[in-house]
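Subject: Structure handover

Hello,

The structure we discussed is below, with its sequence. My notes on what turned up in it follow, for you to check against the coordinates.

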Amino acid sequence: SCATTYVWPSHQADDLLFIAIESSGTALSTPSTPSGMAHAAASPRSQSSNATVITVFWKRATSSSEADVIIPAAADHQVGIPFRVRGGLTSGNPWSASSSTGQSSNSGTRTFSGFTTVTADTLVVYMLATETDTTTDTFGTLTAPSGVTGFTVLDRLFTDSGGGGGVLVAYGTKATAGFAGSLTWTFASAGVWSGIVLSLDPALAVTEFEGWGVSL
């Protein structure tokens, strides 16, 4: 396999640039391009001996022309969604709470357990990965967590390259600090999954540009 370039959406200084990637096998290497990329909280999160891994890298933009992110070659495959968040904190880590979980069973409703935000007016971003080997979306309809308003699926992408897998990014707002209920869905095709949620303080807008699977 080879390194892959993901294109950032339009951005400006102090925007938060994230990329959420599903892969399997060994962990992804931290990209050196652009400079300053790092793992977000709880990243990476693997499930079932790395059958599926969600990895989230991020950086704070210093201009409107950050170099597109180059992710080193994955052991089997990768599929990723780059996105930007505007209106977040302009220094330090932009999240005040995070959580990760996953499930290995292959039937029934899937549940990303609830977690607690610690500041008001946060943007709650969910990033999910699944091992399903298909190019067809299997996440189906998601039921928004209680207490999270304006819940929106930003994008969902799948690849059947290598062992195959998919990634989904969704977000909503939490007006008051406190417990956010569980996110639930039922896979159209059962699969192992793992996920990360971040609470970003405060944040105004999310936009995505593109994501794709990698042919090996």
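Arg 86 has a relative accessible area of 25%, so it counts as partly exposed, the range for that class running from 20% to 50%. Please keep in mind for this and everything below that the model is predicted.

Salt bridges

What does Arg 86 pair with? Its side chain meets that of Asp 15 in a salt bridge, at 2.7 Å from N to O. Arg 86 belongs to strand 7, while Asp 15 sits in the loop between strand 1 and strand 2, so this pair links distant parts of the chain, 71 residues apart.

Asp 15 has a second partner. A salt bridge also joins Asp 15 to Arg 84, where the closest N and O atoms are 3.9 Å apart. Strand 7 covers residues 78–86 and contains Arg 84, whereas Asp 15 is in the loop that follows strand 1 (4–6) and leads to strand 2; the pair therefore ties together parts 69 residues apart in sequence. Taken together, Asp 15, Arg 84 and Arg 86 form a network of salt bridges.

Are the residues of the Asp 15 to Arg 84 pair buried or exposed? Both Asp 15 and Arg 84 are buried. For Asp 15 the relative accessible area is 2%, so it falls in the buried class, for which the limit is under 20%. Arg 86, by contrast, is partly exposed at 25%.

How many salt bridges does a search of the whole structure find? The count is three. One that I have not yet described is between Glu 66 and Lys 59, whose side chains meet at 2.8 Å, N to O. Both ends of this pair are buried as well: Glu 66 has a relative accessible area of 11%, and Lys 59 has 7%.

Overall charge and surface

The protein chain carries 8 positive and 15 negative side chains. The centres of these two sets are 8 Å apart. The accessible surface of the protein chain is about 8,000 Å², and carbon and sulfur atoms account for 48% of that area. Of the 216 residues in the protein chain, 51% are buried.

Fold and dimensions

The protein chain has 18 strands and zero helices. Its C-alpha trace spans about 40 × 40 × 25 Å along the principal axes. Does the radius of gyration agree or disagree with a compact globule? For 216 residues the expected value is near 17 Å, and the protein chain has 16 Å, so the two agree. Contacts are mostly long in sequence terms: among those between residues at least 6 apart, 83% join residues at least 24 apart.

Backbone points to check

Most peptide bonds are trans, and most residues other than glycine have a negative phi. The residues below depart from one or the other of these.

- Thr 33 and Pro 34 are joined by a cis peptide bond with omega of about -5°. Pro 34 is in the loop between strand 2 (16–23) and strand 3 (38–39).
- The bond from Ser 43 to Pro 44 is cis too, with omega near -5°. Pro 44 is located in the loop between strand 3 and strand 4 (45–47).
- Ala 42 has a positive phi of about 75°, though it is not a glycine. Ala 42 is in the loop between strand 3 and strand 4, and its relative accessible area of 30% makes it partly exposed.
- Asp 121 has a positive phi near 55° and is likewise a residue other than glycine. The loop between strand 10 (115–117) and strand 11 (122–130) holds Asp 121.

Gly 150

Gly 150 is part of strand 12 (residues 149–159). With a relative accessible area of 56%, Gly 150 is exposed, the threshold for that being over 50%. Leaving aside residues up to four places away in sequence, Gly 150 touches Tyr 171 and Gly 172. How far is Gly 150 from Gly 166, 16 residues apart along the chain? Their C-alpha atoms are separated by 23 Å.

Regards

Definitions and conventions:
Residues numbered from 1 in each chain as written. Predicted model: local features only at pLDDT ≥ 70, side-chain atom pairs only at ≥ 80, totals over all residues. Heavy atoms only, no water. Helix = DSSP H or I, 4+ residues; strand = E, 2+ residues; numbered from the N terminus. Rg over C-alpha atoms; globule rule 2.2 N^0.38 Å. Buried < 20%, exposed > 50% of the residue type's maximum accessible area, 1.4 Å probe, protein only. Contact = heavy atoms within 4.5 Å. Areas by Shrake-Rupley, 256 points an atom, 1.4 Å probe, with all protein chains shown as cover. Lys, Arg positive; Asp, Glu negative; His and termini not counted. Charge placed at Lys NZ, Arg CZ, Asp CG, Glu CD. Salt bridge = Lys/Arg side-chain N within 4 Å of Asp/Glu carboxyl O.
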